[in-house]
Each structure stands twice: as structure tokens, then as C-alpha cells.
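The exercises below are meant to be worked with the sequence and the structure side by side. Please try each task before reading its solution.

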Amino acid sequence: MIKLNTVEIIEIIKKQIPKVMNITPVELKFTDDFGRTSLAATDHKFTLTNQHYSAKVMDCVLETQVRPILMCEIIYFLKCEFIDGHVDVRLDYDICAEGGRGPTASAVITFDHATQLGIEELADLIDLALHMNDRAWFEELSSQYVKTKAEASIR
């Protein structure tokens, strides 16, 4: 599993737009002009997710125009970066926030690998996770190692 923050998401979009759309943005910025006046009477905080597939969530400023970027395009750009991954995007907006800053963006990329690794491969990956100081990956691999070892002892 990979977790991305706002800056990482924007960097991936900047990288993918020229490849996918053959355009080079001057600036990318999140927007909240998709009907927030109707939301102003609500909690002043709201979230957009993959379910808001066609919502305009970003402006791609070009030399001569501004092109809207939809949620589905952000999902697509992330899928281009993580080909085998399942992408879940979340944009958290706070209407009352001073200064009109954009949303807090996050994405979780998960992978469904049907391939079962052996105990030796898992041990090597655990060592790599330790070397990289990746605690989440270490815990995930350790859990899988214990499960695999228990299954092997039953056989």
C-alpha cells in the first residue's frame, strides 16, 4: 500500500499530463468552484472521493487558456503511475478556511498481488523494509511472514 499527500499527487499529475495529454501546464491548482454555495449552509467541511468522478477539482493553467481537470482524470493519472494499483483519492475541503487554500488531498494505492511469496522471499523483503526504514511495509511483510510460516507448518 502506498499513501500519497497533496504535494506528491500534484507532482505525479505534473509528470503525467505531458505524457497523456501532450500539453505542458504552467500551473496546477485545486479549485472548489463546483457548487460550493449550495454547500455553504452545511457543515462547511466536505469531502470528494472517487465517487465524485465527474467533479471539476483542479485548474490546469496553460499559456493561453485554463483547462479543467476532473476527479476521473486525477484517478487516471495516478493509475498511469501505479499501473497495477487500485487508486482511492480523497479531497477534504474546509469552506471556512482563511485564504482560500485548496483541499487537503490524499490517495491510497493498493495492490492485489495473487502471487504468494515464500518464507525466504518474505525474509529478504523484511530485511529490505528494515534497511529502508519503512515501518508500514515491514509490519505488512512481517504479518504475511507469520501467516505463511503458520500455513507451511500445517502442511
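**Exercise 1. Decide whether Asp59 is buried or exposed, and find which residue forms a salt bridge with Asp59.**

Solution. Begin with the accessibility of Asp59 in this predicted model: its relative accessible area is 14%, and because buried means under 20%, Asp59 counts as buried. Next, look for a partner of opposite charge, since side chains of opposite charge can pair when their charged atoms come close. Lys56 is that partner, and the closest N and O atoms of Lys56 and Asp59 lie 3.0 Å apart, which is within the 4 Å that a salt bridge requires. Finally, consider Lys56 itself, which is partly exposed at a relative accessible area of 23%.

**Exercise 2. State how many salt bridges the structure holds, and describe the ones formed by Arg90 and Arg135.**

Solution. The structure holds six salt bridges in total, among them the pair of Arg90 and Asp92, whose closest N and O atoms are 3.0 Å apart. For this pair, the relative accessibility is 40% for Arg90 and 25% for Asp92, so that Arg90 counts as partly exposed and Asp92 likewise counts as partly exposed.

Turning to Arg135, the partner is Glu139, with the closest N and O atoms 2.9 Å apart. To see how the sequence positions fit this pairing, note that Arg135 and Glu139 are four residues apart in helix α5 and are therefore separated by about one helical turn. Arg135 is exposed, with a relative accessible area of 63%, whereas Glu139 is partly exposed at 42%.

**Exercise 3. Identify which residues gather with Asp124 in a patch of negative charge, and place Asp124 in the secondary structure.**

Solution. The patch on the surface brings together Glu120, Glu121, Asp124 and Asp127. Asp124 is located in helix α4, which spans residues 119-131. Its relative accessible area of 53% makes Asp124 exposed, because the exposed class begins over 50%.

**Exercise 4. For Asn22 and Asn133, determine what is notable about phi, and where each residue sits.**

Solution. Start from the usual expectation: most residues other than glycine have a negative phi. Asn22 has a positive phi of about 60° although it is not a glycine, and Asn133 also has a positive phi, near 60°. Now locate the two residues: Asn22 belongs to the loop between α1 (6-21) and β2 (27-30), while Asn133 belongs to the loop between α4 and α5 (135-154). As a last step, compare accessibility with the classes used above, which gives an exposed Asn22 at 69% and an exposed Asn133 at 70%.

**Exercise 5. Find where Glu63 lies, and what distance separates its C-alpha atom from that of Glu27.**

Solution. Glu63 lies in the loop between β4 (56-61) and β5 (66-70), and with a relative accessible area of 73% it is exposed. Although Glu63 and Glu27 are 36 residues apart along the chain, their C-alpha atoms are separated by 9.5 Å.

**Exercise 6. Determine which helix has the lowest confidence and which has the highest.**

Solution. Across the protein chain the mean pLDDT is 87, and 87% of the residues reach 70 or more. Confidence is lowest in helix α2 (residues 36-39), at a mean of 51, and highest in helix α3 (residues 71-81), at 96. Where pLDDT is low, the predicted coordinates should not be read in detail.

Conventions. Residues numbered from 1 in each chain as written. Predicted model: local features only at pLDDT ≥ 70, side-chain atom pairs only at ≥ 80, totals over all residues. Heavy atoms only, no water. Patch = residues over 30% accessible without salt bridge, like charges linked within 9 Å, V, L, I, M, F, W, Y side chains within 5 Å. Areas by Shrake-Rupley, 256 points an atom, 1.4 Å probe, with all protein chains shown as cover. Salt bridge = Lys/Arg side-chain N within 4 Å of Asp/Glu carboxyl O. Lys, Arg positive; Asp, Glu negative; His and termini not counted. Charge placed at Lys NZ, Arg CZ, Asp CG, Glu CD. Buried < 20%, exposed > 50% of the residue type's maximum accessible area, 1.4 Å probe, protein only. pLDDT = per-residue confidence, 0-100.
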